[in-house]
Amino acid sequence: MYEKYLVNDIPKEFLWGGAVTASQTEGGWDCGGKGVCPPDLIPLVKNRKQNNLMTTVDIQSAIEDKKNYYPRRYAIDWYHDYKDDIKLLKELGIKCLRTSINWARIFPNGDDEYPNEEGLKYYDGFIDELLKNGIEPLITISHFEMPVNLALKYNGWYNRKVIDFFVKYATVLFERYKGKVHYWIPFDEMNLIARESFNQFGMPSDVIPNTFENKLRALHHEMVAACKITKIAHKIDKNNKVGTMITNHLSYPLTCKPEDAMASLKNDQFEDFYIEVQACGGYPKTMFRFLNENNYDIDYLEEDEIVFQEGKADFIGISYYNSRTVSVVSVQNLEDPEVENPYLETSDWGWIIDPLCLRYCLNRLYDHYHLPIFILELGLGTHDTVVDGKVHDQERIHYLSEHLKQMKEAILDGVQVMGCLMWGPIDIVANSTAQMSKRYGFIYVDIQDDGSGSRARIKKDSFDWYQRVIETNGSEL
């Protein structure tokens, strides 16, 4: 009766693909005139906590350290050799690859007068190689890779001056890759404000205390910068599409107690705030109340409101790994509002496994904003082992299959999903732990946590599985 109104399948133009970052793949940390960025300063340390703080002394010590191993300085060496891996990604069938451009490779100090041409030439070759192999590039402009000099000299994003440096950098990219890159993300997972500190904001903790107020100030400057460059991107190329991005932190209430339901609502309002600014053109009233009640000074200027209005995002990008459960008690802790959900299992690294929440998240965001949604990261980190030259990663296949089924249900619900990019389609250094042993890929890379290994690439069982998913446009999961 209502068939003509229904969505019957995944759209033909759906972008299946993968996602990585420059700092987790390239290596070459001191090659081609590149400056130092935060991931270069993270050594392999057992049980490293995600909420990384660094003082000015820590930064300088890490730069000069010759004793410890820093995995992302070497990564999987795409700086010297990416062509064979791109061929493997083409064989996999992906239509889109999301990666970042390392800001410190383009402006080594951040405040340089001119961009580093050698760095730009590297990305010229990389982007051209993707296009040659029929792979659409999607570029994250800042994925925790700001030049460390901006932290030491300006206190990172705490300083409004950094907005101008970022705008200059982004404008160079828009002009250089006009007609080649059509999809852009200004900042990765902006709502990681509680978990990320130095990585995201570049604020030395001995100069700028790691308070929630100071991080909100830095975040405000990032959002002003994101909206400024969105306007510029549209002006330079009308075909540019610029998205805002968060990781899913939408929540379930722990119980049906009204206070827990209200706690979940308040959590979601705070998570929506990041999208609200960039998609709707301004801060929601709930955020102004929060700032006022806490007497927070975030350097909010009236002129910023014009920037927000003129630089609205074209789509919403999300990463999806897990769900969040909160209670009226837990949300009092803004740094860690989660409580254990007794109905859900976890991965080897303690991450909650919840496929159904992907459908919930997609529906919730689309109902609220009516903007296309791009799944920019989806994946499972596991301990993969090579047996007789093969990697049997059935756990990954099951995990991704169950999540894609829920994504498909969301599409049938009417949610406009642009594409789905699997995190780390080739094994890369993990962001949260700096380990190679936390593997996400369909392609095994024989590099171990300490950097040893043959560097050989091995197709896992999931390679053939995902290849078939793409070939059938998701009809075979």
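**Close-up views of the predicted model**

**View A. The largest cavity of the predicted model.** The largest cavity holds about 70 Å³ of space. Its lining consists of Y321, S347, W349, W351, I352, I353, G379, L380, G381, Y399, K438 and Y440. The count of cavities of 30 Å³ or more comes to 4. Rolling a probe the size of a water molecule over the atoms shows where empty space is left.

**View B. The closed barrel of 8 strands.** The strands run in the order 1-2-3-4-5-7-11-12, and their pairing is parallel. On average, neighbouring strands of this sheet are turned by 25° against each other, with direction ignored.

**View C. Strand 1 beside strand 2, with helix 5 on the sheet.** Strand 1 (residues 15-19) and strand 2 (residues 96-100) run parallel and are joined by 3 bridges. Within this pair, G18 stands opposite L97 of strand 2. Helix 5 (residues 117-132) packs on the sheet, where helix 5 touches both strand 2 and strand 3 (136-142). The direction of helix 5 makes about 165° with that of strand 2.

**View D. W157 and M407 in the largest nonpolar core.** This core has 134 residues, of which W157 and M407 touch the most other members. Helix 9 (residues 212-236) supplies the largest share of the core, with 12 residues.

**View E. Another core, apart from the largest one.** This core is made up of 10 residues. Among them are V36, L41, M54 and I59.

Note on methods. Residues numbered from 1 in each chain as written. Predicted model: local features only at pLDDT ≥ 70, side-chain atom pairs only at ≥ 80, totals over all residues. Heavy atoms only, no water. Pairing = 2+ DSSP bridges. Helix = DSSP H or I, 4+ residues; strand = E, 2+ residues; numbered from the N terminus. Axes fitted to C-alpha atoms, helices over the stretch in contact; angles between N-to-C directions. Contact = heavy atoms within 4.5 Å. Core = buried A, V, L, I, M, F, W, Y, C linked by side-chain atoms within 4.5 Å. Buried < 20%, exposed > 50% of the residue type's maximum accessible area, 1.4 Å probe, protein only. 1 Å grid on protein atoms, 1.4 Å probe; cavity = no way out; pocket = protein on both sides within 12 Å on 5 of 7 lines; lining within 4 Å. Points joined across faces, edges and corners; volume = space filled by probe spheres on them.
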